[in-house]
Amino acid sequence: MIDLNKTRKATMAKKEKEVVEEFRYSSGCDLIDLCVGGDKGVLGFQGGKWVNLIGDASSGKSLLCLETITANKYKYKDKARHIYDDSENGFTFDTEERYGFSSKEKGYTDSETVEQMNYQHTKFMESLQEDEHGIYIVDSLDGLADKMGIEMDEDTQKAIAKGKENDAGSYQMSIPKYLSQTYFKMRHGALDDTKSLCIITSQVRENVGAGLYGAKLKRGCGKALDLYANYIIWLKTMCFIEKNGRKVGAVVHAKVTKAKVKRPYREVIYTVIFDYGIDNVSSNLDFLFDLRSSKNGELLKRAESIVWEEGIEPMTKDELVEYIEKNKLKKELKRRTMEKWETIEDSIASNRPNKYEDEDDE
């Protein structure tokens, strides 16, 4: 006879173990990890999901992709694998010099079409071992053509060369249809099975005809990403950081517009230094001590005198960054950052009883 009580306990223990062992990918930025974690003590992107980063050319999408790769390679060493599919052919980072790794494994090239990207992503997922963690980057979706579009373009070029008009009709690109009916639909199972991560970047464009109250910007390639992406994050440069009259970094606003988590729709401000990457220490300090304007990202006057703890003289922000790094206090800074984040979350939580809980009979 089956012991149902014993079975339930075993099932619950298994579920608790699965929650603890659930794999997460760090973005390389604690604040973004808190945004997408979606629950207390949970940080980073859940494995087996699609992430869509949206922003203009100066918003740091590619850099965030590289930081995500680097953070996980640093943590998981040779068990972390990645492919950076530079479909726009605009990649200028020397990853070997800056991060110590190549952007691609042997046997992979930059995709020109969505069909090629689909093939390479599938090939990459099939190559992953059970104990490996894979990240596939598509930068960007807007840089990909489709097979039909290429054939139509070739026909047009041939017709023009012969002095004729092309009667094939105008371009009716099938990328949104291909993404919706083939790529996402056929690959989401493999993505989930391998617990790998796919980050797709998208450029923004003006939303012509949006009206007075409609969104001024939109993303291309149809609505497939709205449906299948588990995380959608809009990036926007708020202001630049200058030294001696030259731009050396930027303050970026990240807004999560979709995340299937307990705490959706979070947004943060973080700092990027062009020759360094995401400045996690600086970003955490900005959040912890409210050092930047939420309107334009500019550093506030209070950054000139910050008290880290009692008994230590106030420091400027630059001095405090140096102090934390010199004294190996990054873990302590992260702990304080998470503590403040949870204090804010606790202050806005509903804290209401279970709505289906029966009331005692009077």
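## A tour, selection by selection

Begin with Lys 328, which is exposed, with a relative accessible area of 76%; here exposed means over 50% relative accessible area, buried under 20%, and partly exposed in between, with a 1.4 Å probe and protein chains only. This is a predicted model, in which local features need pLDDT of at least 70 and side-chain atom pairs count only at pLDDT 80 or more, while totals for chains, interfaces and linings use all residues. Residues are numbered from 1 along each chain as its sequence is written, and side-chain values use heavy atoms, with hydrogens and water left out.

Stay on Lys 328 and show the backbone: its phi is positive, about 55 degrees, although the residue is not a glycine. Lys 328 sits in the loop between α10 (317-326) and α11 (330-348), where helices are DSSP runs of H or I with at least four residues, strands are E runs of at least two, and both are numbered from the N terminus.

**The whole chain**

Zoom out to the full model, which holds 11 helices and 12 strands. Of its 362 residues, 43% count as buried. Contact means heavy atoms within 4.5 Å; among contacts between residues at least 6 apart in sequence, 62% join residues at least 24 apart.

**The sheet**

Next select the strands of the open sheet, eight of them in the order β4-β5-β6-β3-β9-β10-β11-β12, with mixed pairing; two strands pair if DSSP finds at least two bridges between them. At the edges are β4 (80-85) and β12 (277-278), each of which pairs on one side only. Moving inward, colour β3 (residues 49-54) and β9 (residues 231-243), which pair in the parallel sense over four bridges, and look at Ile 54, which stands opposite Trp 234 in β9.

Now add helix α3 (residues 61-76), which packs on the sheet and touches β3, β4, β5 (133-138), β6 (197-202), β9, β11 (267-273) and β12. The direction of α3 makes about 165 degrees with that of β4, where angles run from 0 to 180 degrees between N-to-C directions and axes are lines fitted to C-alpha atoms, for helices over the stretch in contact. Within α3, pick Leu 63, which is buried, with a relative accessible area of 9%. Leaving aside neighbours within four places in sequence, Leu 63 is in contact with Phe 93, Arg 98, Tyr 99, Val 272 and Gly 277. The C-alpha atoms of Leu 63 and Gly 277 are separated by 7.1 Å, although these positions lie 214 residues apart along the chain count.

**The hairpin**

Follow β9 into β10 (246-259): the two strands pair in the antiparallel sense over 12 bridges, and they form a hairpin with two residues between them. The bridge partner of Lys 243 is Arg 246 in β10. In the turn, Asn 244 has a positive phi of about 55 degrees, and this residue is exposed, with a relative accessible area of 83%.

**Two cores**

Hide the backbone and display the largest nonpolar core, which has 37 residues, those with the most contacts inside it being Phe 45, Ile 199, Ile 233 and Tyr 270; such a core is a set of buried Ala, Val, Leu, Ile, Met, Phe, Trp, Tyr and Cys residues joined through side-chain atoms within 4.5 Å. Elements that each supply at least two residues of this core include α2, β3, α3 and β10. Centre on Ile 233: apart from neighbours within four places in sequence, it is in contact with Val 36, Phe 45, Asn 52, Leu 53, Ile 54, Ala 254, Lys 255 and Val 256. A second, separate core of 26 residues includes Trp 50, Leu 141, Ile 175 and Leu 179.

Then select helix α2 (residues 30-37), where eight of the eight residues are buried, so this helix is largely enclosed by the rest of the structure. Just after α2, Gly 38 takes a positive phi of about 80 degrees.

**Two helices side by side**

Finish with α5 (residues 114-127) and α7 (residues 175-194), which pack at an angle of about 5 degrees with their axes 11 Å apart. That makes α5 roughly parallel to α7, a term for angles under 35 degrees, with over 145 counting as roughly antiparallel, 65 to 115 as roughly perpendicular and the rest as oblique. Among the residues that meet are Met 117, His 121 and Met 125 in α5, and Tyr 178, Thr 182 and Arg 187 in α7. The residues of this contact divide into nine nonpolar, five polar and two charged, where Ala, Val, Leu, Ile, Met, Phe, Trp, Tyr, Cys and Pro count as nonpolar, Asp, Glu, Lys and Arg as charged, and the others, Gly among them, as polar. Bring the sheet back to see α7 lying across β3 and β6, running at about 125 degrees to β3.
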